[in-house]
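Thanks for making time this morning. I would like to walk you through one structure, going slowly enough that anyone who has not seen it before can follow along on the screen.

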Amino acid sequence: MSKASKTKSKAKAPAQAAGTGPWWWLLAPVVAVAAVLTLYSGSFFVRSGGAGGSPRSVAESDSSAGRGAAIAPKPAESPSKGKDARPASPEHSIRDATPPGPPPGEGMVWVPGGTYWMGTDDPQFPDAHPVHLVTVDGFWMDRTEVTNAQFREFADATGYETVAERTPSYEEIVAQLPPGQPKPPREQVEPMLEPGSICFSPPDHPVRLDNAMQWWVWQPGASWREPEGPGSNLEGRMDHPVVHVAFEDAIAYAEWAGKRLPTEAEWEFAARGGLDRATYTWGDERHPDGRPMVNNWQGDFPREDTAEDGFAGVAPVAEFPANGFGLHDMAGNVWEWCADWYRPDYYRSSPRSNPPGPEDSIDPMEPGVPKRVQRGGSFMCSDLYCVRYRVGTRGKGAADSGHPHVGFRCVADAGPVE
Ligand SMILES: [Ca+2]
Ligand SMILES: [Ca+2]
């Protein structure tokens, strides 16, 4: 969802609708696009078809795991490929795992370089085709998603104001109108603009899953500091991943920390934890030994999250087992920004060695909206509705917008952090 969509959501409010007659010609196409595309872009929800299990089966297998039974942080462990393991690929290789020195920052782990099969051949995800060999150099990576505590340290030190905390400009809004769409009068637009972000608002009744606007709302005043809008706060959530951060907010944090965002190829290599073409970051069994391995969604999406995995909504970081490289929550909890522009066709021409991503962004599903790659899925993914917490799948998001289920983590090169 983009900033243009934000004005749209605002226009749906009854208090504003009375005075917005001239607006509808502007808003209607954007709303329609947003409703459809949020399904596939900002939130990456797709019906999974043969997704390998339903929420019911999740509930049945994990029925003893209530919120209090959340998995405690665990050290890196040897992941199991599980019963569906493929034969080892001779091309797949992981370099020496010995770190080149001490970590350049607190909470970072060494991800050895290597060569792996990137993407998935699952026909549901054509933008992750073809599976192709990629080689990446080693790098340091944050063990967890960046937390509210870490982001507050940055904001306090720099006075940084996130995109969600700024009032969008008239120019930003009209720049995202479809080609050929006449610009609305500035004097009518500007009074409607105010800081805020998109929030999740679960309906209290079952809904069709073909209109994401039924559970996304534009919330004035929402930001990383007030995740649900004015009156909400971070009390008890300092160890949660920071959310409502746009791409440039993540870049600003990374630069302040002397780090950078991972490329998509680095991110997927890290997420796979040394495994070869596994379905999940931990192997091919969804619930090894009956354990939930990811904070995602159980229950009737989007009405009810029954939290069989221990958490409804965002969880503190590192509540679930680390993958083979010692990284937590590379599947689920919150989506993570990557450095790459998004193009659905990039894998067809991606260079083999350290691919930097395409030079521009094209998303045919939301033309004109620059997208960056997001990876890993979120607490809103389920095997009924979204399976993009599977490691080979891709996500994307409007670079200028944050969401309540999108965060990030950083990486650093082998050299010293300046
Ligand atoms: Ca959950
Ligand atoms: Ca994550």
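Let me begin with a term: two strands are said to pair if DSSP finds at least two bridges between them. With that in hand, look at strand β2, residues 108-111, which pairs with β5 in the antiparallel sense over four bridges. Within that pairing, Trp 110 has Trp 140 of β5 as its bridge partner. Strand β5 is also joined to strand β12, residues 411-412, by two bridges, and these two run antiparallel, with Met 141 standing opposite Val 411 in β12. What about the faces of β5, residues 139-142: are they covered or open? Both are covered, since Phe 139 and Met 141 on one side, and Trp 140 and Asp 142 on the other, are all buried.

Before going further I should say that this is a predicted model, and the confidence in it varies along the chain. The average pLDDT is 82, and 79% of the residues score at least 70. Over residues 1-84, however, the pLDDT is below 50, although this stretch has 167 contacts in the model beyond near neighbours in sequence.

As for the overall picture, the protein has nine helices and twelve strands, and buried residues make up 50% of its 418 residues. Of the contacts with a separation of 6 or more, 77% are between residues 24 or more positions apart.

There is a second sheet arrangement to point out, an open sheet of four strands in the order β10-β9-β8-β11, with mixed pairing. Here β10, residues 395-398, and β11, residues 406-407, stand at the edges with a single partner strand each, so one side of each is left without a neighbour in the sheet. Four bridges join β9 to β10, and the two run antiparallel; along that pair, Gln 374 stands opposite Gly 395 in β10.

Now to two of the helices, beginning with α8, residues 247-256, whose buried residues are Phe 247, Asp 249, Ala 250, Tyr 253 and Ala 254. Why do these residues sit on the same side of α8? They cover an arc of only 160° around the axis, and that puts them on the same side of the helix. The general background is that an α-helix has 3.6 residues a turn, so residues three or four places apart point the same way. Among the elements that cover the buried residues of α8 are α5 (148-158), β8 (335-341) and β9 (371-375). Just after α8, Gly 258 takes a positive phi of about 70°.

Helix α5 can be described along similar lines, with Asn 148, Gln 150, Phe 151 and Ala 155 buried. Seen down the axis of α5, these buried residues fall within an arc of 165°, so they line one face of the helix. The face turned away from that buried side carries the exposed residues Asp 156 and Ala 157. What covers the buried residues of α5 includes α8, and just after α5, Gly 159 takes a positive phi of about 75°.

Turning to the interior, the largest nonpolar core has 80 residues, and those with the most contacts inside it are Met 141, Val 243, Val 245, Ala 250, Leu 261 and Ala 270. If we leave aside neighbours within four places in sequence, Val 245 is in contact with Thr 162, Trp 224, Ala 250, Gly 402, Gly 407 and Phe 408.

Finally, a few backbone details deserve a careful look, bearing in mind that most residues other than glycine have a negative phi, and most peptide bonds are trans. His 244, in the loop between β7 (216-220) and α8, has a positive phi of about 60° although it is not a glycine, and His 244 is buried, with 27 other C-beta atoms within 10 Å. Arg 277, found in the loop between α9 and β8, likewise has a positive phi, near 60°, and Arg 277 is buried with 22 other C-beta atoms within 10 Å. Which residues are joined by a cis peptide bond with omega of about -10°? They are His 129 and Pro 130, and Pro 130 is found in the loop between β3 (114-118) and β4 (132-136). Another cis peptide bond joins Phe 301 and Pro 302, with omega of about -5°.

Definitions and conventions. Residues are numbered from 1 along each chain as its sequence is written. Chains are lettered from A and ligands numbered from 1 in the order in which they are written. This is a predicted model: local features need pLDDT of at least 70, side-chain atom pairs count only at pLDDT 80 or more; totals for chains, interfaces and linings use all residues. A residue is buried if 20 or more other C-beta atoms lie within 10 Å of its own, exposed if 12 or fewer, and partly exposed in between; C-beta atoms are placed from the backbone. The arc is that of the directions from the helix axis to the C-beta atoms. Two residues are in contact if their C-beta atoms, placed from the backbone, lie within 7 Å. A nonpolar core is a set of buried Ala, Val, Leu, Ile, Met, Phe, Trp, Tyr and Cys residues joined through C-beta atoms within 7 Å. pLDDT is the predictor's confidence in each residue, from 0 to 100.
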